[in-house]
Amino acid sequence: MAAIDLAVIGGTGVYRLANLQEAEAIEGDTPFGKPSGPVRVGRLRGRRVAFLARHGEGHSLPPHRVNYRANLWQLKQLGASRVLAINTVGGITERFGPRVLALPDQLIDYTWGRASSFWDGEGGEVLHVDFGDPYTPSLRAEVLAAAARAGVAVVDGGCYGATQGPRLETKAEIARMRRDGCDLVGMTGMPEAGLARELGLDYACLAVVANWAAGCSDDGEITLAEVLAHVEAASAGLPGLFDALLG
Ligand code: HPA
């Protein structure tokens, strides 16, 4: 299998990769079950790029039902060695308001009950991967440089708090996350990042801020319409960023 220059995992509101040409849809199976949907492999700026919609192309999988292991296994099997994950998030701290794109450099995992390791078979190998820097610094640096070349504003750094969902958080939960040091909150950042590390994949998270998290503004109720509108607006910068990253 020819190598893939970059694999992209799309989150809520990002179900296709603009400008991906001659893509073939690869349906697959893995020892961990089926991925969320087909992996679309094609060319972008002449480079081989793979795209997978994390929630399925019709958005049928909630965050706690995504088969993160199958998704990453499949991307690796197809020849990917680096993954850029797009994650829709809520913003907690000042720099991370709606429509911001951010490249976090830390995370805290509040999820539970998810299959979070490839190494949980009885009698199997036990692997404790280093995860001090959960996002690959070299890939983060490349994405930041590409964003600068493309003139797309991306906030460098921040701590992503991964919650279980699918409900949104209470104000008290967000207040606790703020005290913990979280800047962003989302439901899909883990175990994906940890699993990528276990497989030796370079991995970075491009967070798309869709709303202020609970209690962080006077906006009132968070609606799906608001989330999708902000994601669509923020995503306008993505094609230029990907062109610069791959060009
Ligand atoms: N919380 C958790 N996940 C999210 C949010 C949020 O406020 N917005 C988009 N994804």
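**Figure 1. Polar contacts of the ligand in the predicted model.** In this predicted model, a backbone N or O atom of glycine 90 lies 3.4 Å from a nitrogen atom of the ligand. Two side chains also approach ligand nitrogen: a polar side-chain atom of glutamate 169 is found 2.7 Å from a nitrogen atom of the ligand, and a polar side-chain atom of asparagine 211 lies 2.7 Å from a nitrogen atom of the ligand. Considered alone, the ligand exposes 260 Å², of which the protein buries 93%.

**Figure 2. The pocket and the shell of residues around the ligand.** The ligand takes up the space of the largest pocket. Two elements each give two or more residues to the surrounding shell, namely strand S5 (82–91) and strand S10 (184–186). Strand S5 provides the largest share, three residues. Which residues surround the ligand? They are Thr88, Val89, Gly90, Leu168, Glu169, Val185, Gly186, Met187 and Asn211. By character, the shell divides into four nonpolar residues, four polar residues and one charged residue.

**Figure 3. Alanine 102 and valine 155, two buried strand residues.** Alanine 102 belongs to strand S6, which covers residues 101–103. Its relative accessible area is 0%, so alanine 102 is buried. Valine 155 lies in strand S8, made up of residues 155–156. With a relative accessibility of 17%, below the 20% cut-off for burial, valine 155 also counts as buried. Although 53 residues separate valine 155 from alanine 102 in sequence, their C-alpha atoms are 4.4 Å apart in space. A second pair gives another view of sequence and space: alanine 102 and serine 81 are 21 residues apart in sequence, and the C-alpha to C-alpha separation is 22 Å.

**Figure 4. Asparagine 71 in helix H1, and valine 66 in the preceding loop.** Valine 66 is located in the loop between strand S4 (47–53) and helix H1 (68–77). Is valine 66 buried or exposed? Valine 66 counts as buried because its relative accessibility is 7%. From valine 66 to valine 152 there are 86 residues in sequence and 30 Å in space, C-alpha to C-alpha. Asparagine 71 lies within helix H1 itself. At a relative accessibility of 0%, asparagine 71 is counted as buried. A polar atom of the side chain of asparagine 71 lies 2.8 Å from the backbone nitrogen of serine 36.

**Figure 5. Glycine 247, an exposed residue after helix H6.** Glycine 247 is placed in the segment that follows helix H6 (238–246). Its relative accessibility is 65%, and therefore glycine 247 counts as exposed. Glycine 247 and alanine 146 are 101 residues apart along the chain, and their C-alpha atoms are separated by 9.2 Å.

**Figure 6. Two cis peptide bonds that involve proline.** Where does a cis peptide bond with an omega of about -5° occur? This bond joins glycine 165 and proline 166. Proline 166 sits in the loop between strand S9 (159–162) and helix H3 (171–180). Another cis peptide bond joins methionine 190 to proline 191, with an omega of about 10°. The position of proline 191 is in the loop between strand S10 and helix H4 (192–198). Strand S10 is also one of the elements that give two or more residues to the shell around the ligand.

**Figure 7. Asparagine 19 and arginine 45, loop residues with positive phi.** Asparagine 19 is not a glycine, yet its phi is positive, at about 75°. The loop that holds asparagine 19 lies between strand S1 (6–10) and strand S2 (21–26). Asparagine 19 has a relative accessible area of 42% and is therefore partly exposed. Arginine 45, again not a glycine, has a positive phi of about 50°. Arginine 45 occupies the loop between strand S3 (39–44) and strand S4. The relative accessible area of arginine 45 is 54%, so this residue is exposed.

Technical notes: Residues are numbered from 1 along each chain as its sequence is written. This is a predicted model: local features need pLDDT of at least 70, side-chain atom pairs count only at pLDDT 80 or more; totals for chains, interfaces and linings use all residues. Side-chain values use heavy atoms; hydrogens and water are left out. A residue is near a molecule or strand if one of its heavy atoms lies within 4 Å of it. A polar contact is a pair of N or O atoms within 3.5 Å; within protein, one must be able to donate a hydrogen and the other to accept it, and residues adjacent in sequence count only if both atoms are side-chain atoms. Accessible areas come from the Shrake-Rupley method with a 1.4 Å probe; for residues, only the protein chains shown count as cover. On a 1 Å grid over the protein atoms alone, a cavity is a set of points where a 1.4 Å probe fits but cannot get out, and a pocket is an open set with protein on both sides within 12 Å along at least five of seven lines; lining residues have an atom within 4 Å of a point. A molecule sits in a cavity or pocket if more than half of its atoms lie within 2 Å of its grid points. Helices (H or I, at least four residues) and strands (E, at least two) are DSSP runs, numbered from the N terminus. Ala, Val, Leu, Ile, Met, Phe, Trp, Tyr, Cys and Pro count as nonpolar, Asp, Glu, Lys and Arg as charged, and the others, Gly among them, as polar. Buried means under 20% relative accessible area, exposed over 50%, partly exposed in between (1.4 Å probe, protein chains only).
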